[in-house]
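Biologist: I'm new to this one and would like a close look at a single part, with enough of the surroundings to place it. Could you take me through it slowly?

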Amino acid sequence: DIELSLVSKAGDEGKLFGSVGTANIADAISEQTGVAVEKAEVKLPLGAIRQTGEYEIDLSLHADVTVTIKLTVVPQE
């Protein structure tokens, strides 16, 4: 079970200045776990994340292996 937090610049209502995409998530997982994760393995069916909050993200590590991680996007203070 992986729980990951990403800090991003956001406005008052939680809307991100920019977005969090597959590359950002793959880099953060690789840094936190020490396991190399490719951006192609990160599945975002609704596209890039543009709002702060909690998300469940699927990682397709192998044809038969999918792992779900919990991602929290928090505003930068």
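Modeller: Sure, and one term up front: accessible areas here come from the Shrake-Rupley method with a 1.4 Å probe. By that reckoning the chain exposes about 5300 Å², with carbon and sulfur atoms supplying 47% of it. Keep in mind that what you're looking at is a predicted model.

Let's get our bearings before zooming in. The chain has one helix and six strands, and reading along the sequence you meet them as β-β-α-β-β-β-β. Its radius of gyration is 12 Å, close to the 11 Å that the globule rule gives for 77 residues, so the chain is as compact as a globular protein of that length. Along its principal axes, the C-alpha trace spans about 40 × 25 × 20 Å. Of the 77 residues, 30% are buried. Take the contacts between residues at least 6 apart in sequence: 44% of them join residues at least 24 apart.

Now for the part I'd pick: strand β1 and its partner, β6. These two run parallel and are joined by six bridges. In a regular strand, side chains alternate between the two faces of the sheet. You can follow that along β1: L4, L6 and S8 point to one face and are buried, while E3, S5 and V7 point to the other face and are not.

Stop at S5 and look across. Opposite S5, in β6, stands T72. With 18% relative accessibility, T72 counts as buried, because the cut-off is under 20%. Setting aside its neighbours within four places in sequence, T72 is in contact with L4, S5, L6, G53 and E54.

That last contact, E54, is worth following. E54 forms a salt bridge with K70, and their closest N and O atoms are 3.6 Å apart. E54 sits in strand β5 (residues 53–62) and K70 in strand β6 (residues 65–75), so the pair ties together parts that are 16 residues apart in sequence. Side chains of opposite charge can pair when their charged atoms come close. A search of the whole structure finds one salt bridge. How covered are the two partners? E54 counts as exposed, at 56% relative accessibility, whereas K70 is partly exposed, at 32%.

Next, the nonpolar residues. In soluble globular proteins, nonpolar side chains tend to be buried together. The largest nonpolar core in this model has 18 residues, and I25, V42, I49 and L71 are the ones touching the most other members. Two or more residues come from each of β1 (3–8), β2 (15–20), α1, β5 and β6, so the strands we've been following have a share in it. The largest share, four residues, comes from α1.

I25 is a good place to see how this links back to β1. Leaving out neighbours within four places in sequence, I25 is in contact with L4, L6, V20, V42, L44, I49, I69 and L71. L4 and L6 are on the buried face of β1, and both also turn up among the contacts of T72.

For contrast, look at A40, in the loop between α1 (22–33) and β3 (42–43). A40 counts as exposed, with 56% relative accessibility. Its C-alpha atom is separated by 15 Å from that of D64, which is 24 residues away along the chain.

Key: Residues are numbered from 1 along each chain as its sequence is written. This is a predicted model: local features need pLDDT of at least 70, side-chain atom pairs count only at pLDDT 80 or more; totals for chains, interfaces and linings use all residues. Side-chain values use heavy atoms; hydrogens and water are left out. A salt bridge is a side-chain nitrogen of Lys or Arg within 4 Å of a carboxyl oxygen of Asp or Glu. Buried means under 20% relative accessible area, exposed over 50%, partly exposed in between (1.4 Å probe, protein chains only). Contact means heavy atoms within 4.5 Å. A nonpolar core is a set of buried Ala, Val, Leu, Ile, Met, Phe, Trp, Tyr and Cys residues joined through side-chain atoms within 4.5 Å. The radius of gyration is taken over C-alpha atoms; the globule rule is 2.2 Å times the number of residues to the power 0.38. Two strands pair if DSSP finds at least two bridges between them.
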